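This report describes how one protein chain is arranged, from its sheet to its cores and its surface. The sequence and the structure follow.

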Amino acid sequence: MKVGIILGPGFSVPEAKMYEKLKQHQISPIALCPASEMQKSKNIDMEVRKLLLFGQINRVPLLRQIIQYFFPFNFYFIGFNNAVKDLDMIHSVETFNVYTYQAIRSGKPVVLTIWENILFNNEQRFYKKIKALAIAKTKKFIAI
């Protein structure tokens, strides 16, 4: 079984290394990593698929901030569906992340780890839509 592990912007190597243990259970973890974080991925013992973030293309500071406030597109993975087409399942974190939205829209089963503990956080229009879809379509939740 191939499981895509979304390692979003700012991921930590110790956190990513936990997924290496899946190999002991005949599960192949495959990291989906922003191109901007590739230097960290050299310390991870699993396949890494480098993806470009929309925010790496949009370099106009004020425009980036405005877009990110209303629509979380700066963290949108370009080429995501192509990168996950051979995977059996995808793991992501949080209901409000745009890459969680992409994982759900890919049609693959999604498992989410939830760390959020601030009520009504990320309730702007598009974030609220992402959260509602994630809650409705996620197969399993891991609550921390």
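Which residue in E7 is the bridge partner of Thr113? In this model, which is predicted, the partner of Thr113 is Ile142. The two strands concerned, E6 and E7, pair in the parallel sense, and 4 bridges join them.

They belong to an open sheet of 7 strands, which run in the order E4-E3-E2-E1-E5-E6-E7 with mixed pairing. Strand E4 (77–78) and strand E7 (140–143) stand at the edges with a single partner strand each, so one side of each has no neighbour in the sheet.

In general, nonpolar side chains of soluble globular proteins tend to be buried together. Here the largest nonpolar core holds 19 residues, of which Ile6, Leu32, Phe77, Phe80 and Ile90 touch the most other members. The elements in the table each supply at least two residues of this core.

| Element | Residues |
|---|---|
| Strand E2 | 28–34 |
| Strand E3 | 47–53 |
| Helix H5 | 80–84 |
| Strand E5 | 89–93 |
| Helix H6 | 98–105 |
| Strand E6 | 110–114 |

Leaving aside residues up to four places away in sequence, Ile6 touches Leu32, Phe77, Phe80, Ile90, His91, Ser92, Tyr99 and Ala103. Another core, of 10 residues, lies apart from the largest one, and its members include Ile5, Ala31, Cys33 and Met46.

On the surface, Leu52, Phe54, Ile57, Tyr76 and Ile78 make a nonpolar patch of about 410 Å²; of these residues, Ile57 lies in helix H3 (residues 54–57).

Key: Residues numbered from 1 in each chain as written. Predicted model: local features only at pLDDT ≥ 70, side-chain atom pairs only at ≥ 80, totals over all residues. Heavy atoms only, no water. Patch = residues over 30% accessible without salt bridge, like charges linked within 9 Å, V, L, I, M, F, W, Y side chains within 5 Å. Areas by Shrake-Rupley, 256 points an atom, 1.4 Å probe, with all protein chains shown as cover. Salt bridge = Lys/Arg side-chain N within 4 Å of Asp/Glu carboxyl O. Core = buried A, V, L, I, M, F, W, Y, C linked by side-chain atoms within 4.5 Å. Buried < 20%, exposed > 50% of the residue type's maximum accessible area, 1.4 Å probe, protein only. Contact = heavy atoms within 4.5 Å. Pairing = 2+ DSSP bridges.
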